[in-house]
Amino acid sequence: EKRYTVCRDRIPVFLQKVTDKILRTGKYLNVTRECDRDVHCPGAKEIVYTLKERLYVDQIEEAYSFASAQLLDLLMREKDLMGRLRSIKHYFLLDQGDFFVQFLDLAETELTKQISEISCSK
């Protein structure tokens, strides 16, 4: 969180409503670039103050949509996020919940005994 900071006193008044979206857009694009991907937003334009707020808000929304789509594509396809999460799930036996429940059912009689009643030979 300290890598990216926003100096609220330096933000133009007309961009204050979309400051967080601009920050997230920059973060997403930076992550994508750090993974050696060339990033060029096809509709990127310079943001110029106009009385029509909707014009520059639409530009920011478009850039945010592009950046988030690029990051999602990178994570899901190139870095195989779902495969990695499945692997972690398997590693921690979370996908074998039925086995664990069955084990607890079978061990219930031993697990409910007092320590002094437990047979050490089992």
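How many aromatic pairs does the structure hold? In this predicted model, the structure holds 3 aromatic pairs. One of them brings together Phe 14 and Tyr 49, whose rings meet edge-to-face, with 4.9 Å from centre to centre and 65° between the planes. This pair links distant parts of the chain, since Phe 14 belongs to the segment before α1 and Tyr 49 to the loop between α1 and α2, 35 residues apart. Both partners have some access to the surface: Phe 14 counts as partly exposed because its relative accessibility is 21%, and Tyr 49 is likewise partly exposed, with a relative accessible area of 49%.

Phe 14 has a further aromatic partner in Tyr 56. Here the ring centres lie 4.9 Å apart and the planes stand at 80°, so this pair is edge-to-face as well. Again, distant parts of the chain are linked, with Phe 14 in the segment before α1 and Tyr 56 in helix α2, 42 residues apart. Tyr 56 is buried, because its relative accessible area of 4% falls under the 20% limit. Taken together, Phe 14, Tyr 49 and Tyr 56 make up one aromatic cluster. For a reader following along in the structure, Phe 14 is a handy place to begin, as its ring pairs with Tyr 49 and with Tyr 56.

Attention now turns to helix α1, which spans residues 19–34 and includes Thr 25. Is Thr 25 buried or exposed? With a relative accessibility of 8%, Thr 25 counts as buried, because this value is under 20%. Which residues does Thr 25 touch, once its neighbours within four places in sequence are left aside? Its contacts are then Ala 63, Tyr 64 and Ala 67. Tyr 64 also appears in another arrangement: Lys 21 lies over the face of its ring, at 4.8 Å from the ring centre. Tyr 64 is thus a shared point of reference, in contact with Thr 25 and lying beneath Lys 21.

Finally, there is Asp 80, found in the loop between α2 (53–78) and α3 (81–91). Asp 80 counts as partly exposed, because its relative accessibility is 39%, a value between the 20% and 50% limits. How far is Asp 80 from Gly 43, going by their C-alpha atoms? The two C-alpha atoms are separated by 28 Å, and the residues are 37 positions apart along the chain.

Note on methods: Residues are numbered from 1 along each chain as its sequence is written. This is a predicted model: local features need pLDDT of at least 70, side-chain atom pairs count only at pLDDT 80 or more; totals for chains, interfaces and linings use all residues. Side-chain values use heavy atoms; hydrogens and water are left out. Helices (H or I, at least four residues) and strands (E, at least two) are DSSP runs, numbered from the N terminus. Buried means under 20% relative accessible area, exposed over 50%, partly exposed in between (1.4 Å probe, protein chains only). Contact means heavy atoms within 4.5 Å. Rings of Phe, Tyr and Trp (its six-membered ring) pair if their centres lie within 6.5 Å; planes under 30 degrees apart count as stacked, over 60 as edge-to-face and the rest as tilted. A charge sits over a ring if NZ of Lys or CZ of Arg is within 6 Å of the ring centre and within 35 degrees of the ring normal.
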